[in-house]
Amino acid sequence: MRRLTYYVASTLDGFIASPQGAYDFFKMEPDYLDAIAAEYPETLPASYRAFRGLSGPGQHFDTVLEGRNTYQVGLDAGVTNAYPHLEHYVFSRTLTQSPDPKVTISTTPLATVRELKAREGRGIWLCGGGALAAELRPEIDAYVIKLNPVIVGSGIKLVDTGFSPQRLQLTGVRALASGVVFLNYVRQPA
């Protein structure tokens, strides 16, 4: 069965974006971009992949999931599909038609993820956001948190739920000179 991985950048205080949905406070240092290009090249947008000369399938994922607000960041920049190299799903209750023929709009995150996990293929990447991560939390098998050395005070939470502890097991740590730390976790059995 395919795994759902929440692969996302976070601040030290647990936010993935500003209250308005921006994430430009995350510094894109060369070692950070090199680490992503080497280990998770499929998570880079198509334009940057072309710039870096990256092509072909990724190492981990063949499908990307986004919430409506995360997807809107690309739309505001004129990009209807930042990840044409992946099967692309956007979950929305307000966006009824896809602006791109290769982006599927869904209103049923849990049902869609369960159906995707039952298919053959590589892993499924949950790109964001916090509300979608909260809804999909029962299906998230692994977390790759790119912990950034910044504190922002408020914004969109990593997982937007109330108090609801879930134990995770650390499976890997990679610290970069820029201060970003890649933390890999898997969900512990209940």
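Visitor: Before we turn to Leu12, what counts as a helix or a strand here?
Guide: Helices (H or I, at least four residues) and strands (E, at least two) are DSSP runs, numbered from the N terminus. The model is predicted, so local features need pLDDT of at least 70 and side-chain atom pairs count only at pLDDT 80 or more, while totals for chains, interfaces and linings use all residues. Residues are numbered from 1 along each chain as its sequence is written, and side-chain values use heavy atoms, with hydrogens and water left out.

Visitor: Where does Leu12 lie?
Guide: Leu12 is in the loop between strand 1 (4-11) and strand 2 (15-17).

Visitor: And what does Leu12 touch?
Guide: Not counting residues up to four places away in sequence, Leu12 touches Leu147, Asn148, Pro149, Val150 and Ile151; contact means heavy atoms within 4.5 Å.

Visitor: How far apart are Leu12 and Ala133?
Guide: They are 121 residues apart in sequence and 18 Å apart in space, C-alpha to C-alpha.

Visitor: Which residues does Ala133 touch, then?
Guide: Ala133 touches Tyr6, Leu126, Ile140, Leu158 and Val159, residues up to four places away in sequence not being counted.

Visitor: Moving on, how many residues are in the largest nonpolar core?
Guide: That core has 20 residues, and Ala133 is one of those with the most contacts inside it. A nonpolar core is a set of buried (under 20% relative accessible area, 1.4 Å probe, protein chains only) Ala, Val, Leu, Ile, Met, Phe, Trp, Tyr and Cys residues joined through side-chain atoms within 4.5 Å.

Visitor: Which element gives the most to this core?
Guide: Helix 5 does, with four residues.

Conventions:
Buried < 20%, exposed > 50% of the residue type's maximum accessible area, 1.4 Å probe, protein only.
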